[in-house]
Amino acid sequence: MKIYKWLRGLMKASALTTVMFIMQACYGPPIHMHQVQMSGVVVDKTSGLPLKDIEYQVDGQTWGYTDENGQFDILKYDEIESGHQLSFVDTVGHYQTFDTLIRDYEVLDLKIKLESNQ
């Protein structure tokens, strides 16, 4: 009788493991992370010259500053699929702030043109 209880417990565990494996195969892991990768260049709208030290923000948080070639790179992982507020701010105040909403989760290569305040 003990052998049957042991076999029944083994079968239950096997069935539960099989169901969990099938659910993960069909619906993905429990927490599905989305990769958001954005890169590009920030330039002056009139001259087309790259702008250095422009602060870039994602959802209100500073991620960095453009390099001497105006380049920026953002790699972010999310648990949810929603848009991201992307902002470019000249902390000196020579250029207007540029805001946009990003909803695409594929790799983005952007060219941001900032307009001068002067």
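Here is a short conversation about a predicted model.

Visitor: Which four strands form the open sheet, and in what order?
Guide: Happy to start there. The sheet is open and its pairing is antiparallel. Read across the sheet, the order is β3-β2-β5-β6.

Visitor: Which strands stand at the edges of that sheet?
Guide: An edge strand has a single partner, so one of its sides is left without a neighbour in the sheet. The order β3-β2-β5-β6 can be read with that in mind. The strands at the edges are β3 (61-65) and β6 (98-102).

Visitor: What does the twist average from one strand to the next?
Guide: This value belongs to the sheet of four strands in the order β3-β2-β5-β6. From one strand to the next, the twist averages 25°.

Visitor: How many bridges join β2 to β5?
Guide: Strand β5 covers residues 84-89 and runs antiparallel to β2. On another side of the pairing list, β2 and β3 also run antiparallel, joined by four bridges. For β2 and β5, the number of bridges is four.

Visitor: Which residue of β3 is the bridge partner of E55?
Guide: E55 has a counterpart in β5 too, where it stands opposite V89. In β3, the bridge partner of E55 is Y65.

Visitor: Are the side-by-side residues E55, Y56, Q57 and V58 of β2 buried or exposed?
Guide: E55 and Q57 point one way from β2, while Y56 and V58 point the other way. Buried here means under 20% relative accessible area. Whichever way they point, all of these residues are buried.

Visitor: Which residue takes a positive phi in the hairpin of β2 and β3?
Guide: The hairpin has two residues between its strands. The residue in question lies in the loop between β2 and β3 and is partly exposed, with a relative accessible area of 39%. Its phi is near 55°, a positive value in a residue other than glycine. The residue is D59.

Visitor: Where does D53 lie, given that its phi is near 60°?
Guide: The phi of D53 is a positive value in a residue other than glycine. With a relative accessible area of 43%, D53 is partly exposed. Its place is the loop between β1 and β2.

Visitor: Which side chains meet in a salt bridge?
Guide: The count comes to one salt bridge. Its N to O distance is 3.7 Å, and the cut-off is within 4 Å, so the pair qualifies. The side chains are those of E115 and K45.

Visitor: How many residues apart are E115 and K45?
Guide: E115 sits in the segment after β7 (108-114), and its relative accessible area of 40% makes it partly exposed. K45 belongs to the loop between β1 (34-44) and β2 (55-58). The pair links distant parts of the chain, and the separation is 70 residues.

Visitor: What accessible area do I3, Y4, W6, L7 and L10 have together?
Guide: These residues form a nonpolar patch on the surface. Take L7, one of them: L7 is in helix α1 (residues 2-27). A patch member needs over 30% relative accessible area, and L7 is partly exposed at 38%. Together the five named residues have about 580 Å².

Key: Residues are numbered from 1 along each chain as its sequence is written. This is a predicted model: local features need pLDDT of at least 70, side-chain atom pairs count only at pLDDT 80 or more; totals for chains, interfaces and linings use all residues. Side-chain values use heavy atoms; hydrogens and water are left out. Buried means under 20% relative accessible area, exposed over 50%, partly exposed in between (1.4 Å probe, protein chains only). Patches are made of residues with over 30% relative accessible area and no salt bridge: like charges are joined within 9 Å, nonpolar side chains (Val, Leu, Ile, Met, Phe, Trp, Tyr) within 5 Å. Accessible areas come from the Shrake-Rupley method with a 1.4 Å probe; for residues, only the protein chains shown count as cover. Two strands pair if DSSP finds at least two bridges between them. Axes are lines fitted to C-alpha atoms, for helices over the stretch in contact, and angles run from 0 to 180 degrees between N-to-C directions.
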